[in-house]
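Thanks for coming. I will go through one structure today, starting with its surface and ending with its aromatic rings.

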Amino acid sequence: YFGFTLDLLRVLLSRSPAGVAIHADVPEPVISQLPHWLGPDAARLLVHPVAAAITLRRSHRPPRRQGGCGILEVVIWQGRFRFAQSERVAVIQDLTPLLMPEVHTAGNIGDFEDYVRYAVHHATRIATVSASSQRDIINHLPVYPAHVHVIPMQVHPRFMERAEPPSEELRARLGIAGHYAMTVGTIEPRKNLRRLVDSFAQAATGAECGDLELVIAGPQGWDSDLPSYVAAHACRSRIRLLGFVPPEDLPSLYAGASLFVYPSLYEGFGRPVLEAMCCGCLVLTSRVSAMPEVLGDAGLYFDPQHTDEVTLTLKEALRMRPERVAQLRGD
């Protein structure tokens, strides 16, 4: 939601003519990131700090409590509409708390159900991030299909500029010594990281793997036992848990990776797949939900529920001829 909010703000700021005010009700941590992600355009926003909800408003005149004509409101994750006559858009990125409750906390599920119930009853349009999520929303929620629209996620311009592999300083700071495969995402069960660790351990016994390391980048979510799972693993010395990596360091990290592996069980979009592609990385990902929609024929797929298939795909990628790798990387 953080990335999608910034994408949407960047587009609204770049395409809104003079006289259009853009208000953003966003949590404090997001406010601190706006200048870094939006540059000088961040000064054009009328920012209002809130605890958790995210609401964007685009208006041709100062908003008023009554009326609201000329106002487009977008609510994102727990936001609430404020104006009776506005055009109301609710963003629902995916239905994982509904379709896969076993990989979410009870709090996540409750918050999601409250938000979706509100969105279905009060929004004039539903926006989502992929055709896969659009199908899920139409199939599982009481919505009018023609009112569910796809707004594909974008990547920050920094990922569109082919970055150099990580410098020695960055490698030293992150503790990366040699060749590495990588994945990026919040540390949560849906990202299927334990199966990735097991698959990597199996692949590491083969000659094609060499001294390859596995780098896992992402903030801590609700799989707090992953570090201990890695620490107890036979190949623990070849796995790096980096935690949160600043966005400005990610392009170099992608560019230097031998391959990028994304074994998620379900994604509304799968932004890291697109980021890795833009940085020229060889991508391996799950053959489910939105990932094939994002990757197309530019990478390799596996069934994320089968450890052996993930292992075989890793080995296939490591044995791949250089010309085939270059073709998939878009070189």
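The accessible surface of the chain is about 14700 Å², and carbon and sulfur atoms hold 55% of that. Those areas come from the Shrake-Rupley method with a 1.4 Å probe, and for residues only the protein chains shown count as cover. Before going on: this is a predicted model, where local features need pLDDT of at least 70 and side-chain atom pairs count only at pLDDT 80 or more, while totals for chains, interfaces and linings use all residues. Residues are numbered from 1 along each chain as its sequence is written, and side-chain values use heavy atoms, without hydrogens and water.

Now the overall form. The C-alpha atoms fill a box of roughly 70 × 40 × 35 Å along the principal axes. The radius of gyration is 21 Å, which agrees with the value near 20 Å for a compact globule of 331 residues. That radius is taken over C-alpha atoms, and the globule rule is 2.2 Å times the number of residues to the power 0.38. The chain has 13 helices and 13 strands. Both are DSSP runs numbered from the N terminus: helices are H or I with at least four residues, strands are E with at least two.

What share of the 331 residues is buried? The figure is 52%, where buried means under 20% relative accessible area, exposed over 50%, and partly exposed in between (1.4 Å probe, protein chains only). Of the contacts with a separation of 6 or more, 65% join residues 24 or more positions apart; a contact is heavy atoms within 4.5 Å.

On to the interior. The largest nonpolar core has 53 residues, and Met 182, Leu 253, Tyr 254 and Phe 260 have the most contacts inside it. A nonpolar core is a set of buried Ala, Val, Leu, Ile, Met, Phe, Trp, Tyr and Cys residues joined through side-chain atoms within 4.5 Å. Helix α1 (residues 2-15) gives the most to this largest core, with six residues. Apart from the largest core lies another, of 29 residues, including Ala 201 and Leu 284.

Helix α1 also holds Thr 5. Thr 5 is buried, at 1% relative accessibility, and beyond its neighbours within four places in sequence it touches Val 26, Ile 54, Leu 56 and Ile 76.

Last, the rings. How many aromatic pairs does a search of the whole structure find? It finds five. Rings of Phe, Tyr and Trp (its six-membered ring) pair if their centres lie within 6.5 Å; planes under 30 degrees apart are stacked, over 60 edge-to-face, and the rest tilted.

Phe 81 and Tyr 118 are stacked, at 5.9 Å centre to centre with 20 degrees between the planes. Phe 81 is in the loop between β4 (71-76) and β5 (87-91) and Tyr 118 is in helix α4 (residues 106-122), so the pair ties together parts 37 residues apart in sequence. Phe 81 is buried at 9%, and Tyr 118 is buried at 16%.

Tyr 254 and Phe 260 are edge-to-face, because their centres are 5.6 Å apart and their planes are at 65 degrees. Tyr 254 has a relative accessible area of 0%. These two rings belong to one aromatic cluster with Phe 159 and Tyr 262.

There are charges over rings too. Arg 80 lies over the face of Tyr 118, 4.2 Å from the ring centre, and the charged end of Arg 194 sits over Tyr 229 at 5.1 Å. The cut-off is NZ of Lys or CZ of Arg within 6 Å of the ring centre and within 35 degrees of the ring normal.
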